[in-house]
Amino acid sequence: MPTALEQISALQHKLYALQYALNCIELDSSTVAPKKGYTGRGQALEELSRSHHALLTDSGLLALFAEARTGTLTQQQAAELDELERQYNETSRIPADEYAAFSRLTSEAVTVWEQAKATNDFALFCPYLEKIVDTRRRFAAYFDPQKPAYDVWLNQFEKGLTTQRCNAFFDQLKETITPLVAQIVAKNATPPTLATQWPVAEQRQLSAYLMNRLGIDSGHCMIGESEHPFTAEFYKGDVRITTHYHEADFLSSMFSVIHESGHALYELHTGDTLQYTCLAGGATMGLHESQSRLFENCFGRSLPFLQGILPEIQRLFPSQMEGVSAEDLYRAANVCQPSLIRTEADEVTYCLHIMVRYQLEKQLMNGELAVRDLPAAWNAQMQEYLGISVPNDSVGVLQDIHWAGGDFGYFPSYALGSAYAAQMVAKMGETLDLDALLLQGDFAPIREWLSERIWKYGKMLAPDALLHNAFEGEFDPKFYTDYLTKKYSELYDLKA
Ligand code: ZN
């Protein structure tokens, strides 16, 4: 008879294998699978998800965990038990039929949302979103009836995060970002113009060059193409990223590749002993986004990094780059302008887009806003935060997939990630000459810094402990507002 710990290890291997298969299907369906074959993929996904759910909600698990805890445990074994028990508690609180119904609802809702977005028809999507909001509110009460529903979901993505902490964080950001954007807008600067034809074949070569420069081993990480860029991780020896090439604008894919490479590096550097356990991979959404944003914005959109890669860009695109200096590229990569679409927003206005979503989803979850009133509320918030009017729902309330997929409380992670990244850069800069490393493309010391403090731990340490490792102190959003103020005051020649 295998011991409790052996059974728990075997359970994790099974969960890993099922997750591996689920990831394969999802990666395949977003990249090369024929679009009309979704029925069969959906069938396979449902069966595999059901098996995954059944393994995690097995009624014998609690006794097994308790038995395992009677022996002496290593730090990792204790962390594995905590994580599995957390997953068991969460999954088993939702009745199996309600869980399955919600999976079906969100997968239908995503298809309807795509249609509604394409045809600017919120009314089509509205009944689905109403059901999703109702279900999420009900599920929140299963998890913790004492807590406001929105707090339950915030805590899902960032352990320990509450509405109160979020309010304070966003208030602090708003205090700096709103006047900063107003000053930039008042400058009325003409953005630099680049060529409008960038052949995709050369863009593909640039992607390979960038991944190599950041230190990604192509033997362990491949790049594919999809509508929206993403990262899919299998284990530390196999991570995939995707990008989307736009012929008219090479910067779009270039920064996507750097962003997803940040996610990939995190996964590729998970500690060896965590493989095939529930502790492998990034700790939280906010931490994952901190790594992608660190690479994309703090490193990728910096002048020294762009100076360093200029010769390669010139080699690949000699005619397009004629007369374009590193400084021109730097300005083109950092244009700040209030706009409609979150995913295309610049570093400064990005958080304002998040605040709009934060305010609205908080009200939806807490029952203060009805779904049918959402488009009008969206438009009013966009006016308040970004000073722009929304011409239609396709480029307004229907632009993001998150709510259709049932994800509430996810958006704040993006803003937190940006703020974490800025504080990491400040800390790193105390011991590393970042400008020189970025110029030379020498990322080894940077990877080592991140690996030792964050990457290698996977989910073994609590998110707060990982942040503490990185910052050698408490999280402070002031590093982020200072970073933005300094960078953009110089770029736009603003008075202090
Ligand atoms: Zn990301």
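Colleague: Why are F295 and F299 said to be separated by about one helical turn?

Modeller: In this predicted model, F295 and F299 both belong to helix 11 (residues 285-300), and because they are 4 residues apart there, the separation amounts to about one helical turn.

Colleague: What makes the aromatic pair of F295 and F299 edge-to-face?

Modeller: The ring centres are 5.2 Å apart, and the cut-off for a pair is 6.5 Å; the planes make 90° with each other, and since angles over 60 degrees count as edge-to-face, that is the term that applies. F295 and F299 are also both buried. A search of the whole structure finds 29 aromatic pairs.

Colleague: Why is the pair of F411 and Y414 called tilted?

Modeller: For F411 and Y414 the centre-to-centre distance is 6.1 Å, with 45° between the planes; because stacked requires an angle under 30 degrees and edge-to-face one over 60, the remaining term, tilted, is the one to use. F411 and Y414 lie 3 residues apart in helix 16 (residues 411-428), about one turn of the helix, and both are buried.

Colleague: Which residues do ring pairs link into a cluster?

Modeller: The cluster joins F157, Y350, W378, W403, F408, Y410, F411 and Y414. Y350 also has R293 over its face, at 4.6 Å from the ring centre.

Colleague: How do you know that the distance of R301 from the ring centre of F255 fits a charge lying over the face?

Modeller: R301 lies over the face of F255 at 3.9 Å from the ring centre, a value to be set against the limit of 6 Å, with the further condition of lying within 35 degrees of the ring normal.

Colleague: Why is W449 called buried?

Modeller: The relative accessible area of W449 is 6%, and because buried means under 20%, the term applies. W449 is found in helix 18 (residues 444-453), and, leaving aside residues up to four places away in sequence, it touches M424, K427, M428, T431, L432 and A470. The C-alpha atoms of W449 and M424 are 9.9 Å apart, although these residues are separated by 25 residues along the chain.

Colleague: What makes H259, H263 and E289 donor residues of the zinc ion?

Modeller: The zinc ion is coordinated by H259 (NE2), H263 (NE2) and E289 (OE) at 2.1 to 2.2 Å, which is to be compared with the limit of 2.8 Å for donor atoms. In sequence the donor residues are spaced H-x3-H-x25-E. H259 in helix 10 and E289 in helix 11 are 30 residues apart, and this pair links distant parts of the chain; both H259 and E289 are buried.

Colleague: What makes strand 1 and strand 2 the edge strands of the open sheet?

Modeller: The open sheet has 3 strands in the order 1-3-2, with mixed pairing; strand 1 (221-225) and strand 2 (231-235) are the edge strands, as each pairs on one side only. On average, and ignoring direction, neighbouring strands of this sheet are turned by 20° against each other.

Colleague: How do you know that strand 2 and strand 3 are paired, given the bridges that join them?

Modeller: Strand 2 and strand 3 (residues 238-243) run antiparallel and are joined by 4 bridges, and because at least two bridges are required, the two strands pair. Y235 stands opposite D238 in strand 3. Helix 10 (residues 250-268) packs on the sheet, touching strand 1, strand 2 and strand 3, and its direction makes about 165° with that of strand 3.

Conventions:
Residues numbered from 1 in each chain as written. Predicted model: local features only at pLDDT ≥ 70, side-chain atom pairs only at ≥ 80, totals over all residues. Heavy atoms only, no water. Helix = DSSP H or I, 4+ residues; strand = E, 2+ residues; numbered from the N terminus. Axes fitted to C-alpha atoms, helices over the stretch in contact; angles between N-to-C directions. Contact = heavy atoms within 4.5 Å. Phe/Tyr/Trp six-rings, centres within 6.5 Å; stacked < 30°, edge-to-face > 60°. Buried < 20%, exposed > 50% of the residue type's maximum accessible area, 1.4 Å probe, protein only. Donors = N, O, S within 2.8 Å, 3.2 Å for Na, K, Ca; no water.
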